[in-house]
Amino acid sequence: MPVILAKTAGFCFGVDRAVKQVYDLLEQGKRVCTLGPIIHNTHLVADLERRGVRTVTSPAEVGEGETLVIRSHGVPASVYAQIEVAGIDWVDATCPFVAKIHQIVRERSEAGDLVLVAGDPDHPEVVGIVGHCPGEVRVFSTAGELRRLAKEGDFSDRPVSMVSQTTFNVALWKEAVAEAEALFPGLSVFSTICSATASRQQEAEALSKESGLMVVVGDRKSSNTAKLREVCEKNCPTILVETADELLQQRGLYAKIIGVTAGASTPACIIKEVLHTMSELQNDVQGEDFSFEEALE
Ligand code: F3S
């Protein structure tokens, strides 16, 4: 009974870079605080806390002698201004792909475009992107919302620029682009879904089509992990686990082929533990097919 691990599972470039920057600062003996949790992974954040890293919600909370790290999601322009004014020692771990979106929206917004952002309006990355637009900006997450937005005004002569959150669902983005092209004659589209996200979702989709069960490993607060689950559960039963221990709480799961993928903020050690637990459970069952239920009996 094969367990197939997606090649794209685990840390993406931007998260890996941000996490390394924090550990590097600790090695240099710095006292570090991060603006929000460095990544959406409770276990890694807990490890950093044990090493003295504090999470703050605003530059105003940074203490004397601390170095502030901006995480890969990025922050609005106003936060950079606050940091500069306060004279805080800081390190920018904004993912370069996110920083590129900041540059696009800032330039287009300064040129007078209406900026449309496909994404979750409450997600920190989207809050950051919106915060780099000096002009009018709107966030939407479905093609339906886009249609409603288009009815709010006359956009026949208005230049409109559209970007997306880097982790936006690829299929929904394609739908939104087709819709926007019909609704906004002056539209410029910037495809800003990160290729790490796109290939992770494509691989998860293909793997879930050939699997009887998908295990998605990642934090429940991670949006890209949630999107992987969405993609997979269209094709086969899918469970999301944050840790290997959670596998033991699952009931009624059975499959000839099990696919495993993981969000961009899932540390390799957790993926390893999940695979290890799966193989231990597998060794406990008789016969060719793997059943968590049997393993628990
Ligand atoms: Fe950056 Fe892409 Fe990861 S935008 S943070 S490399 S998902």
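Trainee: Which residues surround the ligand, and which are the closest?

Mentor: The shell holds 14 residues, with Cys12, Gly14, Cys95, Phe97 and Cys194 the closest; a residue is near a molecule if its C-beta atom, placed from the backbone, lies within 6 Å of it. This is a predicted model, in which local features need pLDDT of at least 70 and side-chain atom pairs count only at pLDDT 80 or more, whereas totals for chains, interfaces and linings use all residues. Residues are numbered from 1 along each chain as its sequence is written.

Trainee: Which elements give two or more residues to that shell?

Mentor: They are helix H1 (13-27), helix H4 (96-110) and helix H8 (195-210), where helices are DSSP runs of H or I with at least four residues, and strands are E runs of at least two, numbered from the N terminus. H1 supplies the largest share, three residues.

Trainee: What makes E1 (3-5) and E11 (238-241) edge strands?

Mentor: Each pairs on one side only, and two strands pair if DSSP finds at least two bridges between them. The four strands form an open sheet in the order E1-E13-E10-E11, with parallel pairing.

Trainee: How do you know that E10 (residues 213-217) and E11 pair?

Mentor: DSSP pairing asks for at least two bridges, and E10 and E11 have four in the parallel sense, so they count as paired. Within this pair, Val215 stands opposite Ile239 in E11.
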